[in-house]
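Biologist: Could you take a close look at one part of this structure for me, the surroundings of the ligand? I would love a connected account with the cut-offs spelled out.

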Amino acid sequence: RAKDAGGTRIQFFSAEMSIETKNRMALELDLRDALERDEFVLHYQPRIRLGDDMACGVEALIRWNHPTKGLIPPNAFIPIAEATGLICKIGSWVLRQACADIQLLVERIGIDLVLSVNVSPVQLKSPTLCSDVRHALEASGMKASDLELELTESGLIEDTDTSHQLLRELCDIGVRLAIDDFGTGYAGIAYLRQYPIDVVKLDRSFLGPSSGTDSTMDFIKAVTEMCHSLGMRVVAEGVEDSNMLQQLVRSSCDEAQGYLFAQPMPLSRLDDFIIDRQAS
Ligand code: C2E
Ligand code: MG
Ligand code: MG
Ligand code: MG
């Protein structure tokens with residue numbers, strides 16, 4: 001297998017390889033230079049507080065502006081970045097860029113926002129995550145309490161001791177911690193007590209087209225009550241219609257994010273969205 005050898009890497013494209021494998025290897029090669037070529041862009045999706053309907057935060061979502069293939073969504077390259085370890089450098093760029101973007105926006109428009117950044121399970125094992133977070137905060141001037149890191153269940157389950165210590169360290173910095181895609185993974189809820197989690201994001205598979213049923217809503221209500229009693233806030237992801245929104249409000253869900261409010265957008269459109277939302 002072609003592997004790193006002192007920085008240079010030799011890949012062999014053989015006739016027997018599937019097209020899929022070749023595409024993946026080609027993408028992997030391009031990915032190695034994407035940071036230097038400044039090809040990544042961040043889009044931001046607003047998060048709405050259900051109490052007053054205002055935008056209370058944004059989630060940074062990465063895209064890759066590939067020179068020939070156009071805008072590539074994260075699901076098409078994050079797994080490759082994770083497998084190669086490139087995710088650590090990419091993740092560190094995301095932290096710095098997103099903190100800088102949003103801190104400047106907050107200062108521009110004078111409206112407080114919490115910034116959410118996705119953190120891969122691979123980054124959770126990296127010794128540089130905490131210093132990446134500190135540097136991103138220092139360089140941007142953002143308060144630690146305005147930054148929220150979105151972790152996935154799988155990242156927490158894998159290595160309890162190390163992740164425990166790391167999460168404590170992140171807590172000491174003062175950033176908030178969220179569980180992303182809650183309900184899709186191992187769904188063991190005992191770990192919610194073990195870790196200092198502030199926010200639970202309910203995955204949109206709970207809220208999909210066929211899932212607005214009474215039993216789904218009962219379930220969301222029960223999960224929400226449990227999270228509240230543990231001192232955590234609940235955010236619904238992927239809210240696409242107002243029916244669902246009404247049910248979430250009735251379930252005492254705290255915040256929501258989804259196409260009903262806004263799709264992820266470039267920074268250039270974010271100011272107007274946040275300001276309009278506040279005015280209406
Ligand atoms: P996620 O963190 O769960 O982000 C939510 C995804 O759902 C986003 O997809 C968002 O565009 C999409 N979404 C939001 N509202 C709706 C809706 O109403 N309906 C539907 N159908 N979809 C909605 P996106 O941007 O393609 O990102 C996919 C995943 O890629 C993210 O899932 C996250 O796990 C990962 N990702 C994105 N940016 C980063 C990053 O900077 N670092 C890492 N490690 N992962 C990232
Ligand atoms: Mg997320
Ligand atoms: Mg999610
Ligand atoms: Mg997801």
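Modeller: Happy to; here is a walk around ligand 1. This is a predicted model, in which local features need pLDDT of at least 70 and side-chain atom pairs count only at pLDDT 80 or more, while totals for chains, interfaces and linings use all residues. Residues are numbered from 1 along each chain as its sequence is written, and side-chain values use heavy atoms, with hydrogens and water left out.

Ligand 1 sits in the largest pocket. A pocket is an open set of points on a 1 Å grid over the protein atoms alone, where a 1.4 Å probe fits, with protein on both sides within 12 Å along at least five of seven lines; sitting in it takes more than half of the ligand's atoms within 2 Å of its grid points.

Around ligand 1 there are 23 residues, and Arg 63, Asn 118, Asp 180, Glu 240 and Tyr 259 come nearest; to be near, a residue needs a heavy atom within 4 Å. By class, this shell has 9 nonpolar, 6 polar and 8 charged residues, with Asp, Glu, Lys and Arg counted as charged and Gly among the polar ones. Strand S2 gives the largest share, 4 residues.

As for polar contacts (pairs of N or O atoms within 3.5 Å), an oxygen atom of ligand 1 is 2.8 Å from a side-chain N or O atom of Asp 180. For the side chain of Glu 59, the corresponding distance to a ligand oxygen is 3.0 Å, and for a polar side-chain atom of Glu 237 it is 3.2 Å. The protein covers 85% of the 800 Å² of accessible area that ligand 1 has on its own, by the Shrake-Rupley method with a 1.4 Å probe.

Technical notes. Chains lettered and ligands numbered in written order. Polar contact = N/O pair within 3.5 Å; in protein donor to acceptor, adjacent residues only side chain to side chain. 1 Å grid on protein atoms, 1.4 Å probe; cavity = no way out; pocket = protein on both sides within 12 Å on 5 of 7 lines; lining within 4 Å. Helix = DSSP H or I, 4+ residues; strand = E, 2+ residues; numbered from the N terminus.
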